[in-house]
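Subject: Handover of a structure and notes on what was found

Dear colleague,

Please find the structure below for your own work. My notes on it follow directly after.

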Amino acid sequence: MMGDGCSRRQFLRGLSATAAGFCLSPRGLLLASNLPTAPVAVAKCRAYGPEVLPTLETMFDQLGGLEQLVKGKTVAIKLNLTGQANFRLGYKPVELTQWVHPQVVGATVHLLGQAGAHRVRLLESAFSTDEPLEEFMLRANWEPHDFLSAAPRVEFENTNYLGMGKSYSRFPVPGGGLMFKAYDLNHSYEDSDVFVSLAKLKEHATAGVTLSMKNCFGITPCTIYGDGAGTDEPSLVPRGGRDMLHDGHRRPSQSSPSENDPGSPREGGYRVPRVTADLVAARPIHLAIIDGIETMAGGEGWWVEGTRPVRPGLLIAGTNCVTTDAVATALMGFDPMADRGTPPFETCDSTLRLAEQLGVGTRDLRQIEVVGTPIQEAIFRFRAA
Amino acid sequence: MKWPSGPLEIGRRARAQTLTAEVKQLLLDWHAPRALEILRGSPVNCLIVNWASGAPEDEEQQRTLAALIQAGRSLGISFVGAFSGKAVQPATLEAGRKAGLAAALVEGAPPDPSPLLAIPSWPRSKIPWDATFFSYPQLREFGDSKFLFLSVSENRWPGVGLETMHGDVAVAGPTGIPWVDSNGWFSLLARELGREKFFWLDLDPPASPPTTSWHPADYLLAIADSQAYGSWWIVSLEDQMKVRLLKNEPQATKLWQDIAAALSFFKEHKDWSSFWPQGALAVVSDFRGKNESLAEEVLNLLSRRGVQWRVIERSRASSRRFDHLKFIAWLDDDMPDADLLSNLLDFAKQGGVLIVSQSWKLSDMRPAEGPLAERYQWNVLGSGRIAQSKKEFQDPYEVAADIHLLMSRRNDLVRLFNAGMAACLCTASRGGKSSLVQILDYSSSGPAEFVSLWVKGSSDSARFWTFGSKQPAIIQGKRAGNGMEFELPSFSVYAGLEFGEWGL
């Protein structure tokens with residue numbers, strides 16, 4: 001699939017430099033601050049009905065169109081399907097609170113196929129299981145066949161372990177990384193030309209917000225970075241969550257790079273944003289899509305005390321994950337320039353600031369063009385909901 | 001209900017060095033007719049008393065039980081005497097009959113003929129399933145039932161396995177989810193192997209810690225874990241509960257009332273115990289010898305995964321019993337005889353899926369694609385398929401997980417949400433006019449709330465029952481994929497949902 005003389009790894013690195021803004025937008029600029037920027041499309045969408053597809057289509061057009069990004073390419077979509085499939089906030093199905101909605105997934109897959117994507121691969125590290133992703137979806141009453149019929153050549157992979165690969169792929173963090181110099185991930189994150197983060201508009205108990213960047217915390221396989229990871233080599237089967245990345249109580253499997261500074265704080269509010277920023281620098285996101293039609297406030301999942309369902313009625317998309325998350329943060333009623341001690345980052349460092357520090361993109365709204373619905377017309381204050 | 005008391009029990013406890021002054025007094029108080037007052041108005045209508053064990057205390061026991069038996073019979077209670085060891089003799093049984101016993105609970109096979117209706121009792125691991133005993137053609141009457149009863153010990157007290165509890169918090173077990181102990185799978189298996197006899201499950205509650213903060217055992221769960229699956233738990237109270245009941249302590253009295261309500265509930269719905277398990281999968285094995293351990297544990301683990309299964313003993317497998325199935329898992333290493341093999345292959349040819357072990361010799365098969373291709377060779381046969389394991393079935397956890405994935409959750413009959421330590425059993429009446437989903441919550445951590453039940457099919461309403469409810473609540477379902485989803489009201493330990501036909 002790669003051209004002569006250009007390996008997939010080199011291609012990815014090349015995209016890394018440009019992903020933050022130049023792929024889609026004819027208006028992409030590298031501003032005086034030297035931080036990449038790119039427009040962010042915002043649209044109101046009140047329900048998960050047939051309106052989702054045309055709304056997303058319009059948004060992608062506003063960003064310059066999908067075709068030049070995905071035509072003839074293998075596209076990987078990291079879905080936000082956090083937690084277990086069979087636990088909910090009250091009676092609400094997971095897709096109305098903590099998971100991205102299948103209607104948004106299906107519409108995205110369809111539009112990618114329509115834009116000429118050669119293959120679309122749906123990815124998620126399903127919680128504490130090596131079961132196929134399709135089975136994980138069925139557990140939540142989803143129907144994976146719906147996605148298979150949305151575009152030609154749709155595939156699934158549970159990336160929480162080795163999966164269908166023969167070995168893990170190593171992703172170095174440009175500049176050496178804030179927590180790790182490189183991460184070992186499932187092959188699907190390398191065996192794709194275009195990477196899409198399809199996230200949910202949520203707060204996060206540890207990292208302040210769960211948006212397109214924090215969604216990528218879940219690309220780490222628990223066989224290496226999980227509570228049940230093997231000591232020397234990755235375990236065969238993922239068990240439990242990623243507490244080691246949260247609190248540093250143990251190190252990843254010896255086969256993977258160890259922490260840059262074992263003396264760094266053993267605190268989730270320090271570590272999780274840094275790991276997240278590392279990951280989006282190492283595995284660049286080419287298209288960030290955030291589902292905020294129906295979601296939850298107060299945290300990333302039902303297990304966070306005080307979480308409650310909310311209906312912001314929003315869809316957000318952009319080609320730079322930092323600019324997209326900055327706009328999304330503002331739409332949630334927060335200041336994207338805020339840092340530790342200020343909402344939503346009361347007890348953590350800002351992933352936006354750290355990703356900015358790694359050169360991924362700017363979080364400064366003055367340097368981000370918002371297309372579609374202006375922020376002031378769409379703002380939904382999560383803390384007041 | 002077990003009613004251990006008097007000289008025999010005191011002697012047994014003394015020999016086991018568990019007899020304290022308080023326990024001795026309890027066993028004497030429990031032996032007195034006035035203790036029967038707690039049964040007044042309860043559905044308990046039969047007591048199992050220590051009768052004869054060949055010990056020196058036998059004579060004194062039988063003499064002092066006379067008053068208890070007399071008082072009990074005036075309350076409509078019948079008595080079963082427990083006979084063990086050398087006491088299982090026709091003469092002793094005849095003496096028991098003359099003393100007013102309605103039946104004898106005897107260790108092992110009863111004398112034949114027996115002067116007194118004998119209910120045999122075995123440890124679970126030693127039940128002689130092949131004994132002619134199980135083929136008794138005649139029905140035997142006892143109480144209000146016309147089925148032969150058998151008593152089985154070596155059962156597990158139901159609930160979250162203690163090994164996965166850290167204080168009051170359940171943590172992941174070796175397989176990633178909290179470990180739940182249940183006898184449900186055994187009840188379903190016993191019903192098949194025991195030719196539809198009724199089983200009494202003999203299990204005692206764990207002893208309460210001798211502290212001021214009393215944590216009574218989860219008696220309601222023990223009742224539900226047996227009755228929902230068609231067995232009967234022989235009610236057995238631990239000493240602290242009995243002491244407090246005799247003192248009329250409010251907490252113990254309330255718990256006893258709840259126990260009585262749960263027993264009454266199942267008595268009022270006794271037709272449910274004749275319902276048959278539903279599901280797309282049948283597990284076939286002889287459940288004996290070298291096959292026993294793996295096959296039984298696979299049943300246990302399939303239940304924990306929420307898979308609805310039917311069990312077919314190998315010698316009773318026939319094409320008629322394959323009706324309405326989509327999958328048959330043959331767990332034994334050796335192949336079936338020619339007739340049964342032909343039936344199984346016909347099942348596949350007609351569209352079914354056979355899951356078999358490595359040792360099967362299959363020829364003239366056309367390879368096919370299917371899930372878990374790294375561990376299973378798929379072959380096409382007619383309009384169905386055969387999934388043959390590439391290695392011997394050894395690890396029951398892996399086998400159960402594989403079966404579930406080979407079937408795919410697309411064949412789930414039910415799914416539960418927000419019920420992490422709950423189990424589900426789907427049954428239907430003969431002819432399928434009525435169907436039932438019973439949910440058991442093993443967490444013992446208070447009421448289950450915000451639980452949703454997804455049921456495959458198109459039933460749009462259900463009758464929702466919990467212990468103590470005299471009338472069901474009618475709940476409406478909402479369409480969710482190819483099934484209906486029901487938001488359940490809060491319930492503790494047990495809920496039953498009655499539907500019409502599955503409407504699949």
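I begin with a pair of helices in chain B: H9(B) and H11(B) cross in a right-handed sense. Please note that the model is a predicted one. The axes of these two helices come within 8 Å and cross at roughly 50°, which makes H9(B) oblique to H11(B). On the H9(B) side the contact is made by Leu294(B), Glu297(B), Val298(B), Leu301(B) and Leu302(B), and on the H11(B) side by Pro396(B), Tyr397(B), Val399(B), Ala400(B) and Ile403(B). By class, this contact has nine nonpolar residues, no polar residue and one charged residue.

Helix H9(B), which spans residues 289-304, also packs against H5(B). Their axes come within 9 Å and cross at roughly 125°, so H5(B) is oblique to H9(B). This crossing of H5(B) and H9(B) is right-handed. From H5(B), the residues Gly184(B), Trp185(B) and Leu189(B) meet Glu296(B), Leu299(B), Asn300(B) and Ser303(B) of H9(B). The classes in this contact are three nonpolar, three polar and one charged.

The domains of chain B give these helices a wider setting. The domain assignment divides chain B into domain 1 (6-271), domain 2 (279-411) and domain 3 (414-499). The C-alpha centres of domain 1 of chain B and domain 2 of chain B are 37 Å apart. Ten residues from domain 1 of chain B and eleven residues from domain 2 of chain B take part in the contact between them. Which helix gives the most to the side of domain 1 of chain B that touches domain 2 of chain B? That helix is H5 of chain B (residues 184-193), with six residues. The side of domain 1 of chain B that touches domain 2 of chain B consists of six nonpolar, three polar and one charged residues.

A third helix pair lies at the start of domain 1 in the numbering given above. Helix H1 (residues 6-15) of chain B and helix H2 (residues 21-29) of chain B have axes that come within 9 Å and cross at roughly 160°. Since an angle over 145 degrees counts as roughly antiparallel, H1(B) is roughly antiparallel to H2(B). The crossing of H1(B) and H2(B) is right-handed. Gly6(B), Glu9(B), Ile10(B) and Arg13(B) from H1(B) meet Val23(B), Lys24(B) and Leu27(B) from H2(B). This contact of H1(B) with H2(B) is formed by three nonpolar, one polar and three charged residues.Two residues of chain B call for a remark on backbone geometry. Most residues other than glycine have a negative phi, and most peptide bonds are trans. Gln17(B) is not a glycine, yet has a positive phi of about 60°. Gln17(B) is located in the loop between H1 and H2 of chain B. Is Gln17(B) buried or exposed? With 6 other C-beta atoms within 10 Å, Gln17(B) is exposed, because 12 or fewer such atoms place a residue in that class. Ser408(B), likewise not a glycine, has a positive phi of about 75°. Ser408(B) sits in the loop between helix H11 (396-407) and S20 of chain B. Ser408(B) has 16 other C-beta atoms within 10 Å and is therefore partly exposed.

In chain A, a cis peptide bond joins Pro343(A) and Pro344(A), with omega about 0°. Pro344(A) belongs to the loop between helix H10 (321-331) and H11 of chain A.

Helix H11 of chain A (residues 351-357) contains Leu352(A). Why does Leu352(A) count as buried? Leu352(A) has 32 C-beta neighbours inside 10 Å, and 20 or more are needed for a residue to be buried. Leaving aside residues up to four places away in sequence, Leu352(A) touches Val322(A), Asp325(A), Ala326(A), Thr329(A), Pro336(A) and Arg363(A). Of these partners, Ala326(A) is 26 residues from Leu352(A) along the chain, and their C-alpha atoms are separated by 7.0 Å.

Finally, the two chains meet through 17 residues of chain B and 14 residues of chain A. On the side of chain B that touches chain A, strand S20 (414-417) and strand S23 (452-456) each supply at least two residues. The largest share of that side, three residues, comes from S20(B). By class, the side of chain B that touches chain A comprises seven nonpolar, six polar and four charged residues.

With kind regards

Terms used: Residues are numbered from 1 along each chain as its sequence is written. Chains are lettered from A and ligands numbered from 1 in the order in which they are written. This is a predicted model: local features need pLDDT of at least 70, side-chain atom pairs count only at pLDDT 80 or more; totals for chains, interfaces and linings use all residues. Domain bounds come from an automatic or database domain assignment. Two residues are in contact if their C-beta atoms, placed from the backbone, lie within 7 Å. Helices (H or I, at least four residues) and strands (E, at least two) are DSSP runs, numbered from the N terminus. Ala, Val, Leu, Ile, Met, Phe, Trp, Tyr, Cys and Pro count as nonpolar, Asp, Glu, Lys and Arg as charged, and the others, Gly among them, as polar. Axes are lines fitted to C-alpha atoms, for helices over the stretch in contact, and angles run from 0 to 180 degrees between N-to-C directions. Angles under 35 degrees count as roughly parallel, over 145 as roughly antiparallel, 65 to 115 as roughly perpendicular and the rest as oblique. A crossing is left-handed if the near helix is turned anticlockwise from the far one by less than a right angle, and right-handed if clockwise.
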